[in-house]
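Here are a few exercises to work through with the viewer open. Try each task yourself before you read its solution.

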Amino acid sequence: MDERPFFTATEAGLEPHPDARSPWAADMLHGRLLAGLAAWAIERDHGDPGLQPARLTVDLYRTPPMLPTTVATSLVRSGGRVRAVDAVVLVGGVR
């Protein structure tokens with residue numbers, strides 16, 4: 001099994017490896033990998049050992065091309081028991 005990551009950090013963002021392709025089209029990123037990037041960024045930016053992730057909802061509005069990808073997160077709510085975070089994934093600079 002190949003141990004290379006699906007994305008490599010570059011100045012342009014996270015550059016997708018060819019293995020990040022969707023099974024639906026050769027020029028399309030796999031949606032589950034974008035969900036994984038969102039979860040990774042949320043944990044990186046807003047993770048807390050005292051809280052357990054309970055739900056991740058992902059809406060894909062269009063087919064994502066094989067282009068550099070960035071993820072930005074923002075804290076929506078932070079309470080004693082609940083934390084809500086938004087993550088925006090940009091592929092090729094497009095939401």
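**Exercise 1: the whole protein**

How much area does the protein expose, and what share of it do carbon and sulfur atoms supply?

Solution. Keep in mind that this is a predicted model. Start with the surface: the protein exposes about 7000 Å², and carbon and sulfur atoms supply 54% of that area. Next, look at the interior: of the 95 residues in the protein, 26% are buried. For overall dimensions, put a box along the principal axes; the C-alpha atoms fill roughly 45 × 30 × 25 Å.

**Exercise 2: the order of elements**

Work out which elements the protein has and in what order they come.

Solution. First count: there are one helix and four strands. Then walk along from the N terminus, and you read β-β-α-β-β. Finally, check how far apart in sequence the contacting residues sit. Take the contacts between residues at least 6 apart; 52% of these join residues at least 24 apart.

**Exercise 3: the hairpin**

In which sense do strand 3 and strand 4 pair, and over how many bridges?

Solution. Find strand 3 at residues 69-78 and strand 4 at residues 83-91. Their pairing is antiparallel and runs over nine bridges. Now look at what connects them: four residues sit between the two strands, and the whole thing is a hairpin. To check the register, pick out individual partners. S78 faces R83 of strand 4, while T70 has L90 of strand 4 as its bridge partner.

**Exercise 4: the helix and its cover**

Compare the span of helix 1 with the expected value, then list its buried residues and say what covers them.

Solution. Step one is the geometry. Helix 1 covers residues 31-46, so to speak a run of 16 residues. From first C-alpha to last it reaches 22 Å, close to the 22 Å expected at 1.5 Å a residue.

Step two is burial. The buried residues of helix 1 are L33, L34, A35, L37, A38, A41, I42 and H46. The cover over these residues includes strand 1 (7-10), strand 2 (13-16), strand 3 and strand 4.

Step three is a counterexample. R32 also belongs to helix 1, but R32 has a relative accessible area of 60%, over the 50% cut-off, so this residue is exposed. For a reference distance, the C-alpha atoms of R32 and S22 are 9.1 Å apart, with their positions ten residues apart along the chain.

**Exercise 5: salt bridges**

How many salt bridges does the protein have by the 4 Å rule, and which residues form them?

Solution. The count comes to two. One joins the side chains of D45 and R44, at 2.7 Å from N to O. D45 is partly exposed because its relative accessibility is 36%, between the cut-offs of 20% and 50%. R44, at 45%, is partly exposed too.

The other joins the side chains of R83 and D48, at 3.5 Å from N to O. This pair links distant parts of the chain: R83 is in strand 4, D48 is in the loop between helix 1 and strand 3, and they are 35 residues apart. Relative accessibility is 30% for R83, which makes it partly exposed. D48 is partly exposed as well, at 29%.

**Exercise 6: the loop after the helix**

Which residues does G47 contact, leaving aside its neighbours within four places in sequence?

Solution. Locate G47 in the loop between helix 1 and strand 3. With the sequence neighbours set aside, its contacts are I42 and R83. I42 is one of the buried residues of helix 1, and R83 is the salt-bridge partner of D48. Check the backbone separation for R83: the C-alpha atoms of G47 and R83 are 9.5 Å apart, although 36 residues separate them along the chain. G47 itself is partly exposed, with a relative accessible area of 39%.

**Exercise 7: a nonpolar patch**

Which residues form a nonpolar patch on the surface, and what accessible area do they have together?

Solution. The patch is made of L56, V58 and L60, with about 250 Å² of accessible area together. Now zoom in on V58, which sits in the loop between helix 1 and strand 3. V58 has a relative accessible area of 38%, so it counts as partly exposed.

Notes. Residues numbered from 1 in each chain as written. Predicted model: local features only at pLDDT ≥ 70, side-chain atom pairs only at ≥ 80, totals over all residues. Heavy atoms only, no water. Pairing = 2+ DSSP bridges. Expected span 1.5 Å × (residues − 1). Buried < 20%, exposed > 50% of the residue type's maximum accessible area, 1.4 Å probe, protein only. Contact = heavy atoms within 4.5 Å. Patch = residues over 30% accessible without salt bridge, like charges linked within 9 Å, V, L, I, M, F, W, Y side chains within 5 Å. Areas by Shrake-Rupley, 256 points an atom, 1.4 Å probe, with all protein chains shown as cover.
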